[in-house]
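Grab a pencil and pull up the viewer. Here are two short exercises, each with a worked solution.

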Amino acid sequence: AKRADRIKEGYTWDLAARARSEAAGVVTATEHNFESVVIRHEGHVLFEVYAPWCGHCQAFEHDFNKLPNLLSTHNVRVVRFDGFQNKIPAQFAEQYLYKGFPTLILALHGNKTSPSKYLGAKDVQPSLCPGAPTVSCTLINIAGEGDCNLGVRYSVGS
């Protein structure tokens, strides 16, 4: 009963979180629109796999919602995906494999079939993200000349 209550509370949280995320410019992906939202997107995609009942995911939401604004000039689509309720479509499941929540995945333009996987957001040290110390994220160190080069900095928490 405790697990069911936790999951129910998570989905109550997710209703409001989805509205906040969409207002911030985060796109919600599901197993039904994954290909159009992630794979066919012309630019880069920063993809968060979360579970609504996950406390780390809930804590990360505020910082994650800052990313569309921070990355707006770098052609990066910021996407959230409920990995508890949805499954990555079979043809992409191996490349977008995740084992925990939250998981951040960066799919660069032209290389969507070989995305980079990062540690869960709970393990990222925000002090190692120069330029935006309040955002606990792996994708803050951004340099761009012509086509966007996305630098990544992260550290495993101790």
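The exercises below cover a strand and a pocket in this predicted model.

**Exercise 1.** Work out how strand S2 (residues 44-50) sits in the structure: which strands does S2 pair with, and is S2 buried or exposed?

*Solution.*
1. Start with the partners. S2 runs parallel to S3, with seven bridges between them; to find your place, look for His 44 opposite Val 76 in S3.
2. Now take strand S4 (residues 103-107), which pairs with S2 in the antiparallel sense over five bridges. Here Leu 46 stands opposite Leu 106.
3. Next, split the side chains by face. In a regular strand, side chains alternate between the two faces of the sheet. On one side of S2 you get His 44, Leu 46, Glu 48 and Tyr 50, and on the other Val 45, Phe 47 and Val 49.
4. Check burial, meaning under 20% relative accessible area. Both faces are covered, and seven of the seven residues are buried, so S2 is largely enclosed by the rest of the structure.

**Exercise 2.** Describe the largest pocket: how much space lies in it, and what lines it?

*Solution.*
1. Volume comes to about 150 Å³.
2. Go round the lining: Tyr 11, Asp 14, Arg 18, Thr 28, Ala 29, Thr 30, Tyr 50, Arg 80, Asp 82, Gln 85 and Asn 86.
3. Sort these by character, and you have three nonpolar, four polar and four charged residues.
4. Trace them back to their elements. Helix H1 (2-24), strand S1 (27-29) and strand S3 (76-82) each supply at least two, and H1 gives the most, with three.
5. Spot the link to Exercise 1: Tyr 50 is in the pocket lining and is also one of the buried residues of S2.

Technical notes:
Residues numbered from 1 in each chain as written. Predicted model: local features only at pLDDT ≥ 70, side-chain atom pairs only at ≥ 80, totals over all residues. Heavy atoms only, no water. 1 Å grid on protein atoms, 1.4 Å probe; cavity = no way out; pocket = protein on both sides within 12 Å on 5 of 7 lines; lining within 4 Å. Points joined across faces, edges and corners; volume = space filled by probe spheres on them. Helix = DSSP H or I, 4+ residues; strand = E, 2+ residues; numbered from the N terminus. Nonpolar A, V, L, I, M, F, W, Y, C, P; charged D, E, K, R; others polar. Buried < 20%, exposed > 50% of the residue type's maximum accessible area, 1.4 Å probe, protein only. Pairing = 2+ DSSP bridges.
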